[in-house]
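I opened a fresh notebook page for this one. Come along as I look things up, one entry at a time.

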Amino acid sequence: MRTPPPIPDLPPLHGDGIHDDTAAIQARLDSGAACVYLPPPHKNYLIRQTLRIHSGQTLRLDSTTVIRLADGADCLMITNRDVENGNRHISLVGGIWDMNNPGQGDGHKTGLSMPQFGILMRFDNVEHLTISGITLRDPHAFGMLIARLKYFTIEDVTLDYQHLCSNNDGIHIEGGCRYGTIRNVKGITTDDIIAINGDDFNEYVGLPIEDLTVDGVYSDCATNGIRIMSCGANIRNITIENIHGNYMWYAVAF
């Protein structure tokens, strides 16, 4: 029988909401483990830099486990490891991802621009992505930005926006996304719960968005449930079902 590779020594997790856990969590992701599980912390895991998840990897947290972005970090909380060359088979399950927007800076002052500033999590150039059972808390701008995804499922997402900003979206779908399902997204935003936006950022201009299903959007108050927008890129074969709640403008805007 083949002997499994030795498990490297890993730095300890603090989980006290005071000490920086970025290096300890990233070391677990870099260890090569197929599934990285973070046990419930005493308080929360504090991070100061972006976590990067590899191909063939699952990051799993309990539903009440909080990962919080430190004051002044001004960065994404998590993204895929290799945006340039692409990743495959990534899963993110559970957890409360708290971007702590009152503690972050202003994009104009930091010199950053979207999609680099103000977005809680970003997945770009991934084939076979699954995200489920997560809570997105207090982003500065978007809860999630996805682009150039193929074969993906995002489901059971709660938007827990306790400190609202003027441009709070839920899930932003950019060019190059195909063969995906988004299911059961709930919460309150100051903009769109789900935005399907062609030609929104320079990186994705002209890339089509196609063959998507959105099933289940629920909100007590948002500007739009779903917004579909293009300045020329093809957006086609979009199925929308079960949009419920109260919207300042439209349940579905074209």
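**Entry 1: a term to begin with.** I needed one definition before my look at E210: a polar contact is a pair of N or O atoms within 3.5 Å, and within protein one of them must be able to donate a hydrogen and the other to accept it. I also noted on the first line of my page that this is a predicted model.

**Entry 2: E210 and its polar contacts.** I looked up where E210 sits and found it in strand β14, which covers residues 209-229. The side chain of E210 makes a polar contact of 2.5 Å with the side chain of R236. I found another between the side chains of E210 and R178, at 3.5 Å.

Is E210 buried or exposed? I have it down as buried, because its relative accessible area is 10% and the cut-off for buried is under 20%.

I then listed what E210 touches, leaving aside neighbours within four places in sequence. The contacts are C177, R178, Y179, R236, N237 and I238.

**Entry 3: the salt bridges of E210.** Next I turned to charged pairs. E210 and R236 meet through their side chains in a salt bridge, with 2.5 Å from N to O. This pair links distant parts of the chain, since E210 is in strand β14 and R236 is in strand β15, 26 residues apart. I marked R236 as partly exposed because its relative accessibility is 38%.

E210 also forms a salt bridge with R178, and here the closest N and O atoms are 3.5 Å apart. Again the pair links distant parts of the chain: R178 belongs to strand β12 and E210 to strand β14, with their positions 32 residues apart. R178 has a relative accessible area of 32%, so I wrote it down as partly exposed.

Which residues are linked in a network of salt bridges here? My note reads R178, E210, D211 and R236.

**Entry 4: another charged pair.** I counted salt bridges over the model and the total came to 11. One that I looked up is E155 with R183, where the closest N and O atoms are 2.5 Å apart. This pair, too, joins distant parts of the chain, with E155 in strand β10, R183 in strand β12, and 28 residues separating them. I put E155 down as partly exposed because its relative accessibility is 21%. R183 is at 31%, so it also goes down as partly exposed.

**Entry 5: the strands around β10.** I wanted to see how β10 is paired, so I went through its partners. Strand β9 (residues 121-137) runs parallel to strand β10 (residues 142-160), and the two pair over 14 bridges. In this pairing I131 stands opposite I154 of β10.

How many bridges join β10 to strand β11? I found 4, with the strands running parallel and β11 covering residues 169-173. I noted M144 as a residue with a bridge partner in β11, namely I171.

Strand β12 (residues 178-187) is joined to β10 by 8 bridges, and these strands run parallel as well. The bridge partner of K150 in β12 is R178, which I had already met in the salt-bridge network.

**Entry 6: a patch on the surface.** I moved on to the surface and found a nonpolar patch formed by M248, W249 and Y250. Together they have about 420 Å² of accessible area. I looked up W249 in particular and placed it in strand β15, residues 235-253. W249 counts as exposed because its relative accessible area is 61%, and the cut-off for exposed is over 50%.

**Entry 7: T58.** My last stop was T58, which lies in strand β4 (residues 57-61). I recorded T58 as buried because its relative accessibility is 16%. Not counting residues up to four places away in sequence, T58 touches A34, C35, V36, I53, S91 and V93.

How many residues apart in sequence are T58 and N242? I noted 184, and from C-alpha to C-alpha they are 29 Å apart in space.

Methods: Residues are numbered from 1 along each chain as its sequence is written. This is a predicted model: local features need pLDDT of at least 70, side-chain atom pairs count only at pLDDT 80 or more; totals for chains, interfaces and linings use all residues. Side-chain values use heavy atoms; hydrogens and water are left out. Patches are made of residues with over 30% relative accessible area and no salt bridge: like charges are joined within 9 Å, nonpolar side chains (Val, Leu, Ile, Met, Phe, Trp, Tyr) within 5 Å. Accessible areas come from the Shrake-Rupley method with a 1.4 Å probe; for residues, only the protein chains shown count as cover. A salt bridge is a side-chain nitrogen of Lys or Arg within 4 Å of a carboxyl oxygen of Asp or Glu. Buried means under 20% relative accessible area, exposed over 50%, partly exposed in between (1.4 Å probe, protein chains only). Two strands pair if DSSP finds at least two bridges between them. Contact means heavy atoms within 4.5 Å.
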